[in-house]
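Me: Please take a close look at one buried side chain and what it contacts, and then set it beside the charged pairs found elsewhere in the chain. A connected account is preferred to a list.

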Amino acid sequence: MDTLQAGDPRYLKRRVKGCSIDVHPTERALVVQYEVEATVLGELGNPMVGERKECQKIIRLKSLNAHTDTSSLARKVVEECRLIHPSKLLEVEQLLFYLQNRKHSNDNQEKKRISPRDFTPYAGVELDEEASINSISEYVELLYEDIQEKIRGATLILQLARNPDNLEELIQNETALGALARVLREDWKQSVDLATTIIYVFFCFSSFSQFHGLVTHFKIGALCMNIIEHELKRYDLWQDELQKKKKASEESSENQNLKKEHEKSFRKYQSLLAKQEQLLRVCLCLLLNLAEDTRTELKIRNKNIVHMLVKLLDREDEELLLVALSFLKKLSIFLENKNDMAETFAVEKLARLVPCEHQELLSTALRLLLNLSFDTSLRGHMVQAGLLPKVSSLLADEAQRQLSMCILYHISVDDRFKSMFADTDCIPQLMKMVYACGEEKMDVELISLCINLAANRSNAKIICEGNGLKMLMKRALKLKDVLVMKMIRNLSQHNGPTKSLFLDHVGDLAAQISEDEAEEFVIECLGTLANLTIPDLDWALVLKEYNLVPYLKDRLKPGSAEDDLILEVVIMIGTVSMDDSCAAMLAKSGLIPALIELLNAQQEDDEFVCQIVYVFYQMVFHKATRDVIVKDTQAPAYLIDLMHDNNAEIRKVCHNTLDIIAEYDEEWGKKIQNEKFRWYNGQWLEMVENRLMDEEGEPFVFGEDRESFIGDRDILERPDLFYSADGIMSADGAISPEFYTDFPNGELGQTGYMGNVSEQFVPADRPVSAYGFRPDEQFFCNFNTASRDCRRTLS
């Protein structure tokens, strides 16, 4: 064997230059960067050919830990690595000290972020040999051989690509990547193993954003979409063929050959299915990485990726399902994709995965459901698919509790689904969680869900079972918890046994009505008290014992507090005014003029107007307060003005109130009657007045001297002008008694003079709210979110 000697033209001289040391970004290792200068010398020793190459060496420090002596380790590194000059000993020691104190969590997160997802080995591609980066050209040559050799070459390149340290060098080898892309494009239909291996190589590159341009350059993403579409069609064909053979074997039960053929086909199908699902998984992972760019994601979406992914939800392979769900979760934040999922019944397919033993798969499925639950129609799909009891059962799983509560909260927003919670174990689970909180701050998801559920009567009954209400009141009053108080307020709106439970807590609630408490908390306490329309409750005693009248009167002044608080005070006054003694007490305190002043200030706010008019409606039932309202204030005049308000609820309450006033006061009754007549017969009155002003006139309107028969009098003072042929109006203009018999419903149709004539009389059951509902059907606004105030509002 020849040896190279000095003077030999083949004599090679190597020199190491520019050595630098740094820490590895993800591992406990030092990275030595250096430059090798190789020179071929001629016969006379002069340089003939020169070449430079940048190299690096990684020194892994497996023994480095928090107790390692960095000084000793630095000396050992310098001694064993001849690339590092002894003069760099102090620098090495400093780098080791940095590595020793670098946080493990950051290391792990960084490593997880840049490492490609590891796949389980699959049959057909295992190799005993170990790949070397120096033999890359040999592996590329194998890509030009037959299928088996191509698989072998691609597998060896894959071994290199799975090490992130090799990717930078592989990307410089355009020949290797170009050959891989060409083989994939030409031969992917011939071998699933070959296609899987090559796509896996490009997947390793796609795990890093800086290499996405390379993957896009070779159009690997578009090729993956074609592969997925083709494989889904193949799967359908396999299913059809298998079903035919199964049916044939069942029909010919005595034919053993058909049974054996079916069993053989089934085993082959399972083998093919395992390889296909591996291919689909790596294709989807690559596309999911590329979808980091929204423009690329839009291109993928336009190729019908959502329908493909939803179709994959029927598979059994957990890893494939995990990738498909992750992709769908990412896509679901866009409206178009969400609509596609609704069209393909994604929710119904997700229902079979909840619950499941695979924790990561279950968590991803719940996250996707959470994204979809923002859509009202999809929430309906979830309930129809039976997800409500399934998700409720997951409240016991601490790992999935947060996601489950968020999904249940969204479902509870819809009133049509609230009652369904009573048939699950959701409410007992939630109450246990509330008990477990003690005096700690409650999760907002937990209390928000409880607030929504408390707005339903069946749920409220379950919540208040045992010491439920007592425990909630104790927590709310002790911690001044506004959200718990909102929940209690919703519980108080339901008639029946639930409302009666609040009798024991009226004093505690009334004690909170003071200037010293926070307004938000006082609002909820006032709202709760206003809901307590209980016959056995002595409101007069409550007002006196807790001196509430001055507080209520002071808060009626415009600008004295936030509008929300003032409105709750008005509603509270409307509730207590049902009691005779309370109404008299409030009237004597000068509260009615304060209400009129507030009505003037808030005349543009329908909610304020409706509730103030309702207070007047309650007070006219009592003689003492009726006289004050009718004789000492201008409240009836305001009510007449509001009688034709655009808001239907305001009109209804005004009509009822004015009818009562008209019955007990003749003067106001006449004014109210005239106003109603003018309103309902406006066109007729306008026509008559126009004819009166016509100079030519008709002979029956004017006399011979052209003087009007009416003169300067109001046209309504001419009873002979009223229609009396049907016995509706008598000669003096009064309504005949027979009118009420003929029209029990109080409506005359389009030609009648008065609408709601029956409203001239006091109804048998007066309502307990501003909306005219019976006492057993009091109207309240359901609480839909944790932040919205629950009060009686207008339609």
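Reply: Thr197 has a relative accessible area of 0% and is buried. The model is a predicted one. Thr197 belongs to helix 8, which covers residues 192-206. A polar atom of the Thr197 side chain lies 2.8 Å from the backbone oxygen of Asp193. That separation counts as a polar contact because the cut-off for a pair of N or O atoms is 3.5 Å.

The charged pairs come next. Side chains of opposite charge can pair when their charged atoms come close. For a salt bridge the cut-off is 4 Å between a side-chain nitrogen of Lys or Arg and a carboxyl oxygen of Asp or Glu, and by this rule the model has 30 salt bridges. Three of them are described here, each with the accessibility of its two partners.

Asp236 and Lys311 form a salt bridge with an N to O distance of 2.7 Å. This pair links distant parts of the chain, with Asp236 in helix 10 (residues 220-251) and Lys311 in helix 13 (residues 305-312), 75 residues apart. Asp236 has a relative accessible area of 29% and is therefore partly exposed. Lys311, at 35%, is partly exposed.

Helix 10 also contains Lys245, whose partner Glu261 is in helix 11 (residues 256-290), 16 residues away. In this salt bridge the closest N and O atoms of Glu261 and Lys245 are 3.8 Å apart, which is within the 4 Å limit. Glu261 counts as partly exposed at 39% relative accessibility. Lys245 has a relative accessible area of 22%; because buried means under 20%, this residue is classed as partly exposed.

A strand and a helix are joined by the pair Arg60 and Asp165: Arg60 is in strand 3 (residues 47-60) and Asp165 in helix 6 (residues 164-171), 105 residues apart. The closest N and O atoms of this salt bridge are separated by 3.7 Å. Arg60 is partly exposed, its relative accessible area being 44%, and Asp165 is partly exposed as well, at 30%.

Salt bridges can also share partners. Lys486, Arg489, Glu524 and Glu568 are joined in this way into one network.

To return to the starting point, Thr197 is buried at 0% relative accessible area, whereas Asp236, for example, is partly exposed at 29%. The contact described for Thr197 is to a backbone oxygen, that of Asp193, while Asp236 and Lys311 meet through their side chains.

Notes. Residues are numbered from 1 along each chain as its sequence is written. This is a predicted model: local features need pLDDT of at least 70, side-chain atom pairs count only at pLDDT 80 or more; totals for chains, interfaces and linings use all residues. Side-chain values use heavy atoms; hydrogens and water are left out. Helices (H or I, at least four residues) and strands (E, at least two) are DSSP runs, numbered from the N terminus. Buried means under 20% relative accessible area, exposed over 50%, partly exposed in between (1.4 Å probe, protein chains only). A polar contact is a pair of N or O atoms within 3.5 Å; within protein, one must be able to donate a hydrogen and the other to accept it, and residues adjacent in sequence count only if both atoms are side-chain atoms.
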